[in-house]
Amino acid sequence: MIVWIILVPLIGALINGLVFATGFYQKVLGGDEHTEKSIVNIVGCGVVLISALISTYLFVNLLSLEPENRQIIQSLFEWIHSGKFTVSFKLLFDTLSCLMALVVTWVGFLIHVYSIGYMHDDESYAKYFTYLNIFIFFMLILVLGDSFPLMFVGWEGVGLASYLLIGFWYHAPDNAYAGRKAFIVNRIGDFGFILGIFLIFFIFGSVNYQEVFGKALDPAFMGVVPTAVITAIALLLFVGAVGKSAQIPLYVWLPDAMAGPTPVSALIHAATMVTAGVYMIARCNAIFSQSHTAQVIIVTLAALTAFFAASIALSQNDIKKVLAYSTISQLGYMFMGVGVGAYTAGLFHLVTHAFFKALLFLGAGSVIHALGGDQDIRNMGGLRKFIPVTAITFLAATLAISGFPLFSGFFSKDNILGAVYESGYTLQWIIGVITAALTALYMFRLYLNTFEGKSRVTASVKDKIHESPYTMTIPLVTLALLATFGGYIGVPDFMGRLVNLHDTNLLNRFVSSSIYLEPAEKIVHHIIHFGHITLVLFSIAAALLGVVFAFYIYYVKPAVPGKITENRNFEPVYKVSYNKWYVDELYDYIFVQPFTYLSGLASYFDLKYIDGSVNGVAGVIKEMALTLRAAQTGVLRGYATLMALGAAAILIILIVWQRL
Amino acid sequence: MGISVEHYFVLSAILFVIGAYGVISRKNLLIVLMSLELMLNAANLAFVTFSRALNDMTGQVFMIMSITVAAAEVAVGLALVVAVYAHNESLDIDILKLLKG
C-alpha cells in the first residue's frame, strides 16, 4: 500500500513526460493543444491527489493502532548487497513519515491545482507538470524511506527537481545560473551528509533506521562509543541539512532560486524540500539528542540564521526575495526547535510554515500574475481593491507568520521559543524574540506596500489588473483556512488549560511515538507553567510591536521610511541590509575569485605547457615530413629505380656479409 | 660441353635485368607491363631450375602458381592500361603523378 504513494506520482511523471512533453501526443497522435492541457492537468494533479488520499487512508489506519505500535513497514526488495553492507528497499510509514507525507501530498496537490492557472500560457506546460510530479515522487521517497541511503536518493532527487525547475525558463541565462548555483551549493551540504552516512555505517554497522537507532538507544552499545564520534555524526548530518535547508553559511542559493516559476518557489523552496533538513534531524533524534555540543552549534547557527535573514528581508524590494529571506528565517526557527530537542515543536512549525509560506508565495504569484510579471513592491500599492481574494488570504498568511495571537504561526513559534528558553539557551531565545518582531515588521511592510496605501501602479498596467482564475483562488482560500486554523492541532497544553481543555497538543501526542529520545536538558520543560505564560507574553509583545511599527511607518506616515534610509546615521545600516550583508560579494571574494584565478593559472599551464608539448611533437614531425615529401616525386620510374637499387644494395650487403 | 645449371641461372639473371631495365627506362605503360612479365618469367625459370637441380617438386609447384597469378595480374593490368588510356588519351607513365608529395 505505501509503495503506491510514491509510485503514482512517478506514473504521472512518466505519462506527462513521455506522451506530452515530448510532443508525441500532438505530432504523432495528432491531438490538439487544448485537449493536451486538459489531460496533463488531470494526470498531473490527479496523481498527487491519489497519493494524498492513500496517505490519508494510511493515516486513519495509524490512528486506529495503539500509540506505541503506530508504524507500517512495507519491504519491497533487497536493493544493495555487498559484503556486510546491505540495503533493502523498505518503506516506513510511522507517525513522523505520515505527518510529512500528508503535508507534501496535500500542500503539493493545492499547488499543482494553482499551477493550472498560473502556468496556463506557458509553452512547456507538460514539461512543467512532469518536473513537479518527479519532485513529489522523490520527496516522498525521502520521507518514506526506511534507511539512510533511501533518504539520500530522495535528497538528491529533490535537488535535481529543484535544479530543473529553478532553471525552468532557461532561455534567460540568469535563471540557468541560479539553478546551477542551487545545485552546486547543495552539493557541499550533500558531501557532509554522505560522510555522515559512512560514519553511521562504520559505527553502527547498518544504515537501516531501526537498527541504527536501536543501537543508539542501547546504553551497553553507546557506552563504548566516544561522544566525539556521535557529535561528528550529528554535525556531518547537520551539514547536509544546512545545505538543503538553507542555513548559514550555505543559504545563498535560496534567494536566487526564486528565478523559477512562483508555484515552484511555494512548493519546493518554501513548503517541502527545504524542510527536509528539519525532517532529517527529527528522524535522527536518537543521535542528535545524545550530543550536547552538536545541539549548541545547531541552535546558535539557527538563531543567527533566523535573525540574519530577517534583517535582510527588511529592505528587499522584490516581493519574492522578501519571502525567500523570510523562508530562511523561519527555517532557522525550525532548526532552533529540533536543535534543542523539541522535535515536535520544530515539526509543528514545519507544518504551519508549509501552510502560510505556501500561501504567501501563491499570493505573491497571484499579484505577479495580476500585474503581468512585475515583482517590485515599489510599483505596487493599493492592490486590495483590485484583487480582494488575494489580498485577504495574503493578510491571513501575514498574520500567521508574524505570530499574531490565535493564528497558526503563533502556536508553533511559541512552542519553539518556549522550548529554547526552557532548555537554557537564553541568548538564542532573545535573538528569537527580536527576530519575531522583525518578522512582523518586514511581513507587514510587504503587505502594506503591496495591497494598501496609494497605488503606484503605472496607468497602462492598471487597466489590466484582474483577480486570478478559480484554479488559483481556491488553493489560496484553502491554504488561508489552514494558515489561520492549522495551529489548533498543536496548542500547547498549558494554553489549553487556560480555557479548561486538557491534552490539546494533538500533534505532540501523535508524533511523539516516533521520537525515541529527548535530550536530558529538557526534563525541566513541563515544570515552569507560570514562566511559560510570561514567555508567551514576550512573543506577543514582540509581534505586536512589529505590526504597530510597520503600520505607523508604512501606512500612517509613508514618508518615514524614505527619511530613515536617507538619515546619515542610519544609512550604513540600511545599506548593509539592502546589500544582504555583502555575503554574496564576500563569497565571491573568498571562493569564486581565487577559484577563477586558479582556473586561469591551470588554463595557462595547460595551454602553454601541456598543449605546447603535444603540439611541439606534432610540429617536429610536420617539419620532418615537409623535408621528406620532396622524395615523393610521383614519378613511377623513379620509384622503380629506387626499388631496384635498393634490392641490389641488399643483395650486395648479404653477399659481402657472407664473405666476411 | 652440355648445358649446365649455371647457364639457366645466367639466362634467368639476364632476362630479369632486361625486364628491370625496361620497367625503369620505358615510358609506355604497355611496354612497362611487358617488361614486368619478363621479370616474372625470369623468376619462374629460376624456380624450375632449382627444382630440377635439387630434385624437389616445390619449385615447380611455385612456378605453376606464379604463372596462374601472373595471368590474373595481366588481366587486371591490361584493364588498368585501357582505363588509363581512356582517361588520359596517352600511355605516358610520366603523366601519372597523382602521388606527388
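A residue counts as buried under 20% relative accessible area, exposed over 50%, and partly exposed in between (1.4 Å probe, protein chains only). Among the residues graded in this way is F47(B), which is partly exposed at a relative accessible area of 33%.

The structure is a predicted model, in which local features need pLDDT of at least 70 and side-chain atom pairs count only at pLDDT 80 or more, while totals for chains, interfaces and linings use all residues. Residues are numbered from 1 along each chain as its sequence is written, chains are lettered from A and ligands numbered from 1 in the order in which they are written, and side-chain values use heavy atoms, with hydrogens and water left out.

**Chain A as a whole**

Chain A contains 29 helices and two strands (DSSP runs numbered from the N terminus: H or I of at least four residues for helices, E of at least two for strands). The C-alpha trace of this chain spans about 125 × 75 × 60 Å along its principal axes. Of its 660 residues, 54% are classed as buried. When contacts in chain A between residues at least 6 apart in sequence are considered, 80% of them join residues at least 24 apart; contact here means heavy atoms within 4.5 Å.

The surface exposed by chain A amounts to about 28,500 Å², and carbon and sulfur atoms supply 70% of that area (Shrake-Rupley method, 1.4 Å probe). Chain A carries 37 positive and 37 negative side chains, and the centres of the two sets are 7 Å apart. Lys and Arg are the positive residues and Asp and Glu the negative ones, without His or the chain ends; each charge is placed at NZ of Lys, CZ of Arg, CG of Asp or CD of Glu.

**Aromatic pairs**

Over all chains, a search of the whole structure finds 39 aromatic pairs. One of them joins F238(A) and F335(A) in an edge-to-face arrangement, with 5.8 Å centre to centre and 75° between the planes. F238(A) belongs to helix α10 (residues 227-244) of chain A and F335(A) to helix α16 (residues 319-339) of chain A, so this pair ties together parts that are 97 residues apart in sequence. Both F238(A) and F335(A) are buried.

In chain B, F47(B) and F62(B) form a stacked pair, at 5.6 Å centre to centre and with 5° between the planes. This pair links distant parts of the chain, with F47(B) in helix α2 (residues 29-54) of chain B and F62(B), 15 residues apart from it, in helix α3 (residues 58-88) of chain B. F62(B) is partly exposed, at 47% relative accessibility. For Phe, Tyr and Trp (its six-membered ring), pairing requires ring centres within 6.5 Å; planes under 30 degrees apart are stacked, over 60 edge-to-face and the rest tilted.

Ring pairs also connect Y125(A), Y128(A), F129(A), Y131(A), F168(A) and W169(A) into a cluster. A member of this cluster also meets a charged side chain: K37(A) lies over the face of Y125(A), 5.0 Å from the ring centre. At another site, the charged end of R187(A) sits over the ring of F183(A), 4.4 Å from its centre. Such a placement requires NZ of Lys or CZ of Arg within 6 Å of the ring centre and within 35 degrees of the ring normal.

**Backbone geometry**

Most residues other than glycine have a negative phi, and most peptide bonds are trans. I248(A) and P249(A) are joined by a cis peptide bond with omega of about 5°. P249(A) is placed in the loop between α10 and α11 (253-256) of chain A. In chain B, N55(B) is not a glycine yet has a positive phi of about 60°; this residue is found in the loop between α2 and α3 of chain B. E89(B), also a residue other than glycine, has a positive phi near 55° and lies in the segment after α3 of chain B.

**Two residues in chain A and their surroundings**

I465(A) occupies the loop between α21 (459-462) and α22 (470-485) of chain A. Not counting residues up to four places away in sequence, I465(A) touches A370(A), L371(A), L383(A), F386(A), I387(A) and V457(A). From C-alpha to C-alpha, I465(A) and A630(A) are 81 Å apart in space, and they are 165 residues apart in sequence.

H349(A) is part of helix α17 (residues 343-370) of chain A. Apart from neighbours within four places in sequence, H349(A) is in contact with Q330(A), Y333(A), M334(A), F356(A), S412(A), K413(A) and I416(A).

The table lists the accessibility of residues discussed in the last two sections.

| Residue | Relative accessible area and class |
|---|---|
| N55(B) | 74%, exposed |
| E89(B) | 66%, exposed |
| I465(A) | 12%, buried |
| H349(A) | 0%, buried |
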